[in-house]
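Okay, thanks for coming, everyone. I'd like to walk you through a structure that's probably new to most of you, so let me put it up on the screen.

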Amino acid sequence: MTTQKPPRPRIGRRSLVIALTVVALLLIAAIGATEAYARHKVSQCISGAFEQQMGSSIDVDFGVRPVLLSYVDGKVGSLTVDSEDNKFGPAVGMVVHATFDDIELVDRGRGGGTINSSTADVTWNNDGIRQTLGTMVSGVSSSASTGVLTLDVLGGLAQLEVQPLIRDGNISVETKSAQLLGFGLPTDLVQGIVETFTQSLQSYPLGLRAQEVRVTDDGVAVHLSGGRTSLEGARDATGRQAEFTC
């Protein structure tokens, strides 16, 4: 009497496809979760460095290149930074949208890095200009059609008209008119306002320089660009390198 072995169960093609699909989905989910974690950690480190340079909190958005690769080669293809209420030099209330390209990180961003090129668009509204100029000015209005800003001085009894222009790669502010009841305004007052205005439009971080300046109906718009520059690592209140786990 012979005993026949029971036939081995055969795995159907459909079952195999389902199993492989489940494995693939789990793998994709794991990679996605790891990528999200990497973006959060690297963003934390880079944000600290950029915030120190830009003077305010920022929102960081990476390009399409997976951040997981940054853990391997220390490079970030591109990085978009949005920031409000920046304080560049004496200026307050500037809004910045900047793109930084070909970033090489040090210690995954904890030690800063190198930026190969950058562009930025800055808007500075009339209220921010008024706040920057302080008690010297009580009101600010602007006209895109004339390219001139009108500053109310001496409690609104007089107006100072100025126009920002690009000269030799820097922004300068020209006085177009300074009159009080047909008489000229005090030189020291005009000079103080123009100097503060000019310094505010010349103080930009990370090697950015002005390429274009426009007066809008809401204030001033500036387009900046920059070449290769260093990004310092974030520092704590004592000046030491901030401790991030990147």
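So, to get our bearings: how many helices and how many strands are there in the protein chain? The count is four helices and twelve strands. Do keep in mind that what you're looking at is a predicted model.

A few overall figures next. The protein chain has 246 residues, and buried ones make up 39% of them. The accessible surface comes to about 14100 Å², with 52% of that belonging to carbon and sulfur atoms. And if you take contacts between residues at least 6 apart in sequence, 54% of them join residues at least 24 apart.

Now let's go inside. In soluble globular proteins, nonpolar side chains tend to be buried together. Here, the largest nonpolar core has 48 residues. Which of them touch the most other members? Those are F50, L151, F197, L201, Y204 and V222. As for who gives the most to this core, that's strand β3, residues 94-105, with six residues.

Let me zoom in on F197. Leaving out residues up to four places away in sequence, F197 touches W124, I129, L133, L149, L151, V162 and V173.

Two of those partners, I129 and L133, bring us to helix α3, which runs over residues 126-133. Which residues of α3 are buried? They're N126, G128, I129, T132 and L133. Look down the axis of α3 and these buried residues fall within an arc of 160 degrees, so they line one face of the helix. Then, just after α3, you hit G134, with a positive phi of about 65 degrees.

Okay, G134 is a glycine, but what about other residues with a positive phi? Most residues other than glycine have a negative phi. I've got two to show you that go the other way.

One is D102, with a positive phi of about 55 degrees. D102 lies in strand β3, the strand I mentioned as giving the most to the core.

The other is L206, where the positive phi is about 60 degrees. You'll find L206 in the loop between α4 (187-200) and β10 (209-215).

So, buried or exposed: where does L206 fall? L206 is buried, with a relative accessible area of 6%. D102, on the other hand, is partly exposed, at 44%.

That's my tour. Happy to scroll back to anything you'd like to see again.

Methods. Residues numbered from 1 in each chain as written. Predicted model: local features only at pLDDT ≥ 70, side-chain atom pairs only at ≥ 80, totals over all residues. Heavy atoms only, no water. Core = buried A, V, L, I, M, F, W, Y, C linked by side-chain atoms within 4.5 Å. Buried < 20%, exposed > 50% of the residue type's maximum accessible area, 1.4 Å probe, protein only. Helix = DSSP H or I, 4+ residues; strand = E, 2+ residues; numbered from the N terminus. Contact = heavy atoms within 4.5 Å. Areas by Shrake-Rupley, 256 points an atom, 1.4 Å probe, with all protein chains shown as cover. Arc of directions from axis to C-beta.
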